[in-house]
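Reader: Hello! I would like a close look at one part of this model, the strand pairing, with enough of the surroundings to place it.

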Amino acid sequence: MLRQHCSSDFVDIKILGSAAGGGFPQWNCACRNCRELRAGTLNASARTQCQVAVSGSHGEWFLLNASPDLRMQIVGAPELDSRGHLRDSEGPGERGGKA
Ligand SMILES: [Zn+2]
């Protein structure tokens with residue numbers, strides 16, 4: 001995690017992923033790097049798609065460039081845990097009411 005000084009406060013920046021779309025190795029890519037990473041002969045690490053989390057001083061995180069790898073990235077970053085305050089994503093029809 002990076003900590004950048006901005007005027008009088010600090011901003012925490014967490015890089016959750018750094019690969020192009022599809023991650024690395026990319027599922028449908030046969031380039032030398034992807035092939036060698038799959039084979040275990042490349043000294044590199046698999047990476048998820050590019051995504052960054054930014055936080056001010058109150059522990060609230062903002063996601064930039066959220067990707068399909070979001071769930072995996074959040075599981076790997078406990079500081080992004082919602083602390084039991086899950087977002088309500090139910091629609092009206094899912095609560096027994098009329099849609
Ligand atoms: Zn590739």
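To begin with, what pLDDT does the protein average, and what share of the residues score at least 70? After that, please walk me through strand β3 and the strands it is joined to.

Author: Happy to! This is a predicted model, so confidence is a good place to start. The protein averages a pLDDT of 82, and 74% of the residues score at least 70. Among the elements, helix α1 (residues 32–39) has the highest mean pLDDT, at 97, while strand β1 (residues 2–6) has the lowest, at 63.

Now for the setting of your strand. The protein has 2 helices and 4 strands, and along the sequence they follow the pattern β-β-α-β-β-α.

Strand β3 covers residues 51–55, and 5 bridges join it to strand β2, residues 9–17. These two strands run antiparallel. For a spot to find on screen, look at Gly17, whose bridge partner in β3 is Gln51.

Strand β3 is also joined to strand β4 (residues 61–64), this time by 4 bridges. That pair runs antiparallel too. Here a handy marker is Ser55, which stands opposite Trp61 in β4. Strand β3 is thus bridged to β2 and to β4.

If you follow side chains as you go, keep in mind that in a regular strand they alternate between the two faces of the sheet.

Two values for the whole protein round off the view. Of its 99 residues, 9% count as buried. Among contacts between residues at least 6 apart in sequence, 45% join residues at least 24 apart.

Methods: Residues are numbered from 1 along each chain as its sequence is written. This is a predicted model: local features need pLDDT of at least 70, side-chain atom pairs count only at pLDDT 80 or more; totals for chains, interfaces and linings use all residues. Two strands pair if DSSP finds at least two bridges between them. A residue is buried if 20 or more other C-beta atoms lie within 10 Å of its own, exposed if 12 or fewer, and partly exposed in between; C-beta atoms are placed from the backbone. Two residues are in contact if their C-beta atoms, placed from the backbone, lie within 7 Å. pLDDT is the predictor's confidence in each residue, from 0 to 100.
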